[in-house]
Amino acid sequence: MRLPTTLLLFIGALIFSGAGTVRSDASDHRYKDGDSVPLYANKVGPFHNPSETYRYFDLPFCIPEGVKDKKEALGEVLNGDRLVSAPYKLNFRDEKDSEVYCKKKLSREEVEHFRRAVEKDYYFQMYYDDLPIWGFIGKVDKESKSDPSEFKYFLYKHIQFEILYNKDRVIEINARMDPHSLVDLTEDKEVDAEFMYTVKWKETETSFEKRMDKYAMSSSLPHHLEIHWFSIINSCVTVLLLTGFLATILMRVLKNDFMKYAQDEEAADDQEETGWKYIHGDVFRFPKNKSLFAASLGSGTQLFTLTIFIFMLSLVGVFYPYNRGALFTALVVIYALTSGIAGYTASSFYCQLEGKNWVRNLLLTGGLFCGPLFLTFCFLNTVAIAYSATAALPFGTIIVIVLIWTLVTSPLLVLGGIAGKNSKAEFQAPVRTTKYPREIPPLPWYRSAVPQMAMAGFLPFSAIYIELYYIFASVWGHRIYTIYSILFIVFIILLIVTAFITVALTYFQLAAEDHEWWWRSFLCGGSTGLFIYAYCLYYYYARSDMSGFMQTSFFFGYMACICYGFFLMLGTVGFRAALLFVRHIYRSIKCE
């Protein structure tokens with residue numbers, strides 16, 4: 001079922017309108033000398049725990065009068081952004097030298113609060129004219145001290161802004177903390193703090209259109225590109241070796257099989273059939289739990305469509321660095337609008353499998369991925385509320401998501417299901433199915449489901465694991481990922497390897513006279529998702545410095561949902577490839 005053009009335009013309009021700041025609003029970024037330039041404080045949190053972020057003024061900074069919350073789009077809220085007007089005044093081309101904006105006596109409780117933040121390596125994030133600014137709250141003096149009780153804790157009280165401009169536009173901003181202007185937080189006692197800031201302006205030749213390029217440069221540095229291309233070459237070699245091996249083996253074996261089965265009928269009658277032709281009367285016997293199977297295909301097809309749309313938007317430059325909330329907005333909107341594809345695919349295939357209760361199948365399709373995701377969200381949102389973190393969604397945002405699911409996702413799912421039910425498509429089986437199934441002969445342990453899944457998942461995972469580190473470092477860290485073209489190539493390679501390895505294992509299963517290949521092909525195709533989740537364990541303990549209950553639960557909770565999505569999507573790809581292959585080989589022989 002294809003989305004109509006108007007629907008695609010609607011997707012684009014929603015994404016661009018709710019994605020935060022986009023390139024098209026450049027006319028709003030022109031200023032005259034002395035004009036007020038918007039500066040918002042966003043969040044603070046432990047540097048190594050990207051999910052554990054708090055509102056800027058949750059730390060006992062001076063709160064200026066008239067602090068206002070910035071109205072945010074859906075994607076910004078989902079991203080954990082909570083922007084409020086910052087205490088600094090950085091007017092266009094207005095220089096300031098060590099201007100004091102606040103004097104405050106920190107109580108013992110506030111000193112302890114700041115000290116805990118400094119100990120956990122807290123950073124802050126702000127946005128100036130939609131350009132990101134980072135800085136650390138303070139520092140720990142560990143010099144020549146081995147006992148943590150001897151460490152000294154200091155709070156930075158002077159921030160130095162350097163702003164680059166081109167004519168009437170802001171191009172770049174850097175913030176540096178003055179290492180000589182500190183507040184000693186080591187002891188539990190009241191201290192006087194005088195917070196100040198300096199502003200310096202410099203002219204630059206960089207154009208406004210290229211001001212975001214510097215944030216994308218980190219992933220485009222030569223040594224990073226070299227690693228990315230090594231990953232591509234490694235994956236391509238894997239694909240070539242695999243496809244070459246499969247083509248050689250399968251073509252040779254199948255050619256021999258076809259020659260044997262093409263012998264004259266009298267000779268064929270004298271021989272007892274063996275191998276995959278022997279089970280031709282059972283190979284298209286519908287699988288057990290066909291409602292769940294059809295629902296899995298529907299959800300997998302929807303997630304595959306969602307992934308393709310996300311890649312299309314990334315390749316045209318929608319997700320440029322620090323376009324706040326663009327990705328989350330796109331995920332929510334496109335998932336809602338593609339639910340009709342899930343309904344159509346599941347209902348159509350379920351009816352092809354001669355299923356009767358298509359309404360129950362449709363309900364199962366709607367809840368197969370959303371159900372676990374919703375339960376995970378409820379638990380993690382409760383954890384975020386307990387921590388008072390910005391990851392906790394406001395009640396209004398939850399209502400908006402519920403309304404999207406109620407008014408968009410569910411109706412499109414039902415419409416797609418009705419269209420699939422009424423499509424009257426029949427299952428294309430090239431051979432007749434016998435009334436009673438043959439008994440499957442005893443098979444060695446390595447031909448059972450789990451070893452086959454391990455083999456099927458390892459090869460696709462080996463083709464993508466190098467790229468996984470950079471994706472994880474971007475999603476669960478502070479690295480910026482912008483090379484979407486390379487990521488798209490890796491994704492295509494992943495699909496090819498998954499399809500080929502599933503086809504090979506399906507052939508070997510049929511050759512062993514095991515006709516229950518339907519679920520096996522789906523499980524083998526989707527097993528890469530299990531390997532990705534295993535990589536999550538390795539990344540968390542060996543490659544990251546994440547810690548704490550909140551960060552751990554968020555990392556493993558949401559990665560479980562993502563890997564489950566990969567399982568459904570790649571399982572669908574594996575089954576579709578296996579189905580094409582099985583239909584082809586049984587169409588090529590004459591079965592009585």
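In the next few minutes I will go through the overall make-up of this protein, one of its sheets, and its two largest cavities.

Please keep in mind throughout that what we are looking at is a predicted model. The protein has 592 residues, of which 51% count as buried, and its secondary structure comes to 16 helices and twelve strands. If we take the contacts with a separation of 6 or more, 80% of them are accounted for by residues 24 or more positions apart.

Let me turn to the sheet. Here four strands, in the order β4-β12-β9-β10, form an open sheet whose pairing is mixed. At its edges are β4, residues 96-106, and β10, residues 169-177, each of which pairs on one side only. Direction ignored, the average turn between neighbouring strands of this sheet is 20 degrees. Looking at one pair in particular, β4 and β12 run antiparallel and are joined over eight bridges, and within this part of the model L106 stands opposite V191 in β12. Helix α3, which covers residues 108-119, packs on the sheet and touches both β4 and β12, with its direction making about 120 degrees with that of β4.

Now to the cavities. How many of 30 Å³ or more does the structure hold? There are four, and the largest has a volume of about 120 Å³. It is lined by 16 residues, and those closest to its centre are Y56, F61, Y88, Y156 and M177. Several strands contribute to this lining, with β5 (122-128), β8 (152-156), β9 (158-166) and β12 (191-203) each supplying at least two residues. You will recognise β9 and β12 from the sheet I have just described. As for the character of the lining of the largest cavity, 14 of its residues are nonpolar, one is polar and one is charged.

The second largest cavity holds about 90 Å³ of space. Of the 13 residues that line it, Q302, Y335, T365, G366 and L413 lie nearest its centre. Which elements give two or more residues to this lining? They are the helices α7 (290-315), α9 (339-352), α10 (358-387) and α11 (395-421). By class, the lining of the second largest cavity has six nonpolar and seven polar residues, and no charged ones.

To put the two side by side before I stop, the lining of the largest cavity includes one charged residue along with its 14 nonpolar ones, whereas that of the second largest has no charged residue and is divided between six nonpolar and seven polar.

Technical notes: Residues are numbered from 1 along each chain as its sequence is written. This is a predicted model: local features need pLDDT of at least 70, side-chain atom pairs count only at pLDDT 80 or more; totals for chains, interfaces and linings use all residues. Side-chain values use heavy atoms; hydrogens and water are left out. On a 1 Å grid over the protein atoms alone, a cavity is a set of points where a 1.4 Å probe fits but cannot get out, and a pocket is an open set with protein on both sides within 12 Å along at least five of seven lines; lining residues have an atom within 4 Å of a point. Grid points are joined across faces, edges and corners, and a volume is the space filled by probe spheres set on the points. Ala, Val, Leu, Ile, Met, Phe, Trp, Tyr, Cys and Pro count as nonpolar, Asp, Glu, Lys and Arg as charged, and the others, Gly among them, as polar. Two strands pair if DSSP finds at least two bridges between them. Axes are lines fitted to C-alpha atoms, for helices over the stretch in contact, and angles run from 0 to 180 degrees between N-to-C directions. Contact means heavy atoms within 4.5 Å. Buried means under 20% relative accessible area, exposed over 50%, partly exposed in between (1.4 Å probe, protein chains only).
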